[in-house]
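I opened my notebook to keep track of what I looked up here. Come along and follow the entries with the model in view.

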Number of protein chains: 2
Amino acid sequence: MKAKTPNRAYHHGNLREAVLLAAGQALESGGAGSVSLREISRELNVSHTAPRRHFPTKQALLDALAIHGYARLGVTLSRAIGDRDADFDIRLAKATRALVRFAVKHPVLLGHMFAAKHHPAAPPELLEASDLAFSSGLKLIAEGQETGNVVAGDPELLALVPFATVQGLIVVSSQGYFKGVSLEQLVEDATYRIIVGLRPRS
Amino acid sequence: MKAKTPNRAYHHGNLREAVLLAAGQALESGGAGSVSLREISRELNVSHTAPRRHFPTKQALLDALAIHGYARLGVTLSRAIGDRDADFDIRLAKATRALVRFAVKHPVLLGHMFAAKHHPAAPPELLEASDLAFSSGLKLIAEGQETGNVVAGDPELLALVPFATVQGLIVVSSQGYFKGVSLEQLVEDATYRIIVGLRPRS
DNA sequence: ACCTGAACACCGTTCAAGT
DNA sequence: ACCTGAACACCGTTCAAGT
């Protein structure tokens, strides 16, 4: 019985991934406060100091969770935005819709991602992961400027308002609904108004 | 000495207030995770179970912190909005400015207020405190509709977008600046664009 | 009513030691 | 290199008891 049984006594096939997954579930179910290294270790049948090889501290685990979240969000966003031949308004709508779907699916994770990013002691990898995740969105704004759909100005500054609005709407209606109106509908309306506001004066 | 010396209790004149104050400082300095009942009790020279009379659980203390925050924000907002004779745009600008100043002054508290409000187990008093805090803003929107400055529609729904944008901007630029632009400037620009978007088509 | 002190079951982190 | 188990200093919460 020394073959690879799923519950091998010595060590997990991939402890890092397993811890990350369990931590993600704990986070989503009860916030960052209910992520416990000891409890996760117990679930994985591993000593409570084993995760320390992969995540030297609890904060490191929480940061890794946020980085992983940004990586997933980045993939989702860049896929939704697609190639630059398509219509600007459609690409923008798809991007916001993708962001909203991510938010509805992982509300606590998204909140944690933002909180972790703005923590004073956030590691550089986390900031880089965030920048990378939103880079496709920034490129979209820049291309919108080239095609005359967006006013001139710093793309990062211009993108800030729609990003912030979406983020704020998500926070405000974190259950996915606000007064019976779906978050997707709310964001679509808000985005439309903001985009109109970003158009060059004609 | 059986007389009711109301403020000469065993130790503290007003333990509730003292705990709330200390908890607020702990929150603002290091997030909700660094609020410790035992540590606060130590600082106040009181046994670690004494606060339990006022806050039966740590969650109750955190909720009370959020409620207190909403009460202060509500006062600030209703003062800024002033009486209904003044110009609509000015009142709105003052309201957003007041909100931004509160955010800059108490960034972690504001984040905690929103998080606490959207916690599944949030007590009704917390939701009521939030509603009350924003009631003057809702009234402003409603009056804007009367005077033709805002499109028809559910005021709460219309107010959601500017509220969410401000909240999102605060989260995104929680240090008070974003790329060298002050949060106040960011919010003022965003608010202007959104208000224009809310105007009835003429 | 308000507060105390001991007890309980948890936690993150450190460290010497095992394989 | 990766993992273990004991130890340490902290938590929040409960409870019988003091004033």
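**Entry 1: strand C**

I began with A:H48 and found an N or O atom of its side chain 3.5 Å from a base oxygen of DNA strand C. I noted right away that this is a predicted model. Then I turned to B:H48, where a polar side-chain atom lies 3.5 Å from a base nitrogen of DNA strand C. Next I checked A:K58, which has a backbone N or O atom 3.0 Å from a phosphate oxygen of DNA strand C.

Which residues come nearest to DNA strand C? I listed A:R38, A:R42, A:R52, A:T57 and B:S47, out of 22 residues around the strand. Of the strand C atoms that come within 4 Å of the protein, I saw that sugar and phosphate account for 52%.

I also looked up which element gives the most to the surface near DNA strand C, and helix 2 of chain A (residues 37–43) does, with four residues. I sorted the residues of this surface into six nonpolar, nine polar and seven charged.

**Entry 2: strand D**

I moved on to DNA strand D, which has 23 residues around it. The nearest are A:S47, B:R38, B:R42, B:R52 and B:T57. I looked closer at B:R38 and found a polar side-chain atom 2.4 Å from a base nitrogen of DNA strand D. For A:T49, I noted a polar side-chain atom 3.2 Å from a base oxygen of DNA strand D. B:S36 has a polar side-chain atom 3.2 Å from a sugar or linking oxygen of DNA strand D.

How do the strand D atoms within 4 Å of the protein divide between sugar or phosphate and bases? I wrote down 55% for sugar or phosphate, with the rest belonging to bases.

Helix 2 of chain B (residues 37–43) supplies the largest share of the surface near DNA strand D, four residues. I counted seven nonpolar, nine polar and seven charged residues in that surface.

**Entry 3: two helices of chain A**

Last, I looked at how helix 3 (residues 58–81) and helix 4 (residues 88–105) of chain A pack. Their axes are 8 Å apart, at an angle of about 150°. Because angles over 145 degrees count as roughly antiparallel, I put helix 3 and helix 4 of chain A down as roughly antiparallel to each other. Their crossing is right-handed.

I then looked up who meets whom: helix 3 of chain A brings residues including A:L73, A:L77 and A:I81, and helix 4 of chain A brings residues including A:A95, A:L99 and A:F102. The residues of this contact divide into eight nonpolar, two polar and three charged.

Notes
Residues numbered from 1 in each chain as written. Chains lettered and ligands numbered in written order. Predicted model: local features only at pLDDT ≥ 70, side-chain atom pairs only at ≥ 80, totals over all residues. Heavy atoms only, no water. Axes fitted to C-alpha atoms, helices over the stretch in contact; angles between N-to-C directions. Parallel < 35°, antiparallel > 145°, perpendicular 65-115°, else oblique. Left-handed = near helix turned anticlockwise from the far one by under 90°. Contact = heavy atoms within 4.5 Å. Nonpolar A, V, L, I, M, F, W, Y, C, P; charged D, E, K, R; others polar. Near = heavy atom within 4 Å. Polar contact = N/O pair within 3.5 Å; in protein donor to acceptor, adjacent residues only side chain to side chain.
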